[in-house]
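Here's a walk through one protein model, piece by piece. Have the picture open and turn it as you read.

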Amino acid sequence: MQLIPRHDPYLVVHSADGLTVAALRGELDLVLVRHLRPELDALVRESDALTVDIRRLSFCDATGLGLLAHCAGRVHRRGARWRLLCDQPWILRLIRLTALTDVLHPEPGPPDFPDEADAVVGLPDPLGLPDPADRPDPLGLPRPVARPVPTGPVVPLPSEPA
């Protein structure tokens, strides 16, 4: 498979030496899933090793997780290799809560991989659209900020037995 020039700000595909990397960005919801599904289905059919990089997603709902699970299942059934690069705690939590960890096998990516992935994702947007993560929230709400988890003794809530 070769890289086909496309003008899609949400999916950048790079293929080399039998490895295909599909980097997604934006909001993986019903609208984007409908847009990306034919493209990802073709990659699933043709790739011997498919890496889907979702580290640049700004949102993912159940429809997006469903698409990823669908792709992973088809790749596994074909006997091809599947990798899902994800380092966002909120997406990892969704994957865990929906019991898709054993299907998707998310991983942050080895230290030497981000350079290549960033080069793929870091291509200038052909439509000149800003990165969705840089846009202000449409409702004016602040973006969630990851905070360190406090360590120390667990104090039960008043409604919980001690």
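What follows is a short tour of this predicted model, starting with the sheet and moving on to helices and cysteines.

## The sheet

Let's start with the strands. There's an open sheet of 5 strands here, running in the order β1-β2-β3-β4-β5, and the pairing is mixed. Which strands stand at the edges? They are β1 and β5 (106-107), and each has a single partner strand, so one side of each is left without a neighbour in the sheet.

One general idea helps when you look at any strand: in a regular one, the side chains alternate between the two faces of the sheet.

## The β1-β2 hairpin

Now zoom in on β1 and β2. These two strands pair in the antiparallel sense, over 6 bridges. You can follow the pairing residue by residue: L11 has L24 of β2 as its bridge partner, and A16 stands opposite L19, also in β2. Together the strands make a hairpin, with 2 residues between them. One residue to look for in the turn is D17, which has a positive phi of about 50 degrees.

S15 is a good residue to stop at. You'll find S15 in strand β1, which covers residues 11-16. Is S15 buried or exposed? Its relative accessible area is 16%, and because that is under the 20% cut-off, S15 counts as buried. The side chain of S15 also makes a polar contact of 3.2 Å with the side chain of T20. And here's a case of chain positions and space telling two stories: S15 and L50 are 35 residues apart in sequence, while their C-alpha atoms are 9.3 Å apart in space.

## Helix α1

Next up is α1, a helix of 17 residues (30-46). From its first C-alpha to its last, α1 reaches 24 Å, close to the 24 Å expected at 1.5 Å a residue. Still, α1 has a bend of about 45 degrees at L36, and a proline, P38, follows within four residues.

Which residues of α1 are buried? They are L32, V33, L36, L40, D41, A42, L43 and V44. So L36, where the bend sits, is on the buried list too. The buried residues of α1 pack against β1, β2 (19-28), β3 (49-60) and α2 (62-78).

L30 lies in α1 as well, but L30 is partly exposed, with a relative accessible area of 41%. Leaving out residues up to four places away in sequence, L30 touches D61 and T63. L30 and C60 are 30 residues apart in sequence, and 9.4 Å apart in space when you go from C-alpha to C-alpha.

## Helix α2

Does α2 have the span you'd expect, or what is the number? The 17 residues of α2 should span 24 Å at 1.5 Å a residue, and its end C-alpha atoms are 24 Å apart, which agrees.

At the start of α2, a side-chain oxygen of D61 comes to within 3.0 Å of the backbone nitrogen of T63. After the helix comes G79, which has a positive phi, near 85 degrees. In between, the buried residues of α2 include L65, L68, C71 and V75. The buried residues of this helix pack against β2, α1, β3, β4 (81-85), α3 (89-97) and α4 (101-104).

## The cysteines

How many disulfides does a search of the whole structure find? The count is 0. Take C60 and see why: the closest cysteine sulfur is in C86, and at 8.3 Å from the sulfur of C60 that is too far for a bond. For comparison, a disulfide needs the two sulfur atoms within 2.5 Å.

Both of these cysteines are tucked away from the surface count: C60 is buried, with a relative accessible area of 3%, and C86 counts as buried at 2% relative accessibility.

Definitions and conventions
Residues numbered from 1 in each chain as written. Predicted model: local features only at pLDDT ≥ 70, side-chain atom pairs only at ≥ 80, totals over all residues. Heavy atoms only, no water. Buried < 20%, exposed > 50% of the residue type's maximum accessible area, 1.4 Å probe, protein only. Polar contact = N/O pair within 3.5 Å; in protein donor to acceptor, adjacent residues only side chain to side chain. Expected span 1.5 Å × (residues − 1). Bend = angle between axes of the 7 residues up to and from the residue. Contact = heavy atoms within 4.5 Å. Pairing = 2+ DSSP bridges.
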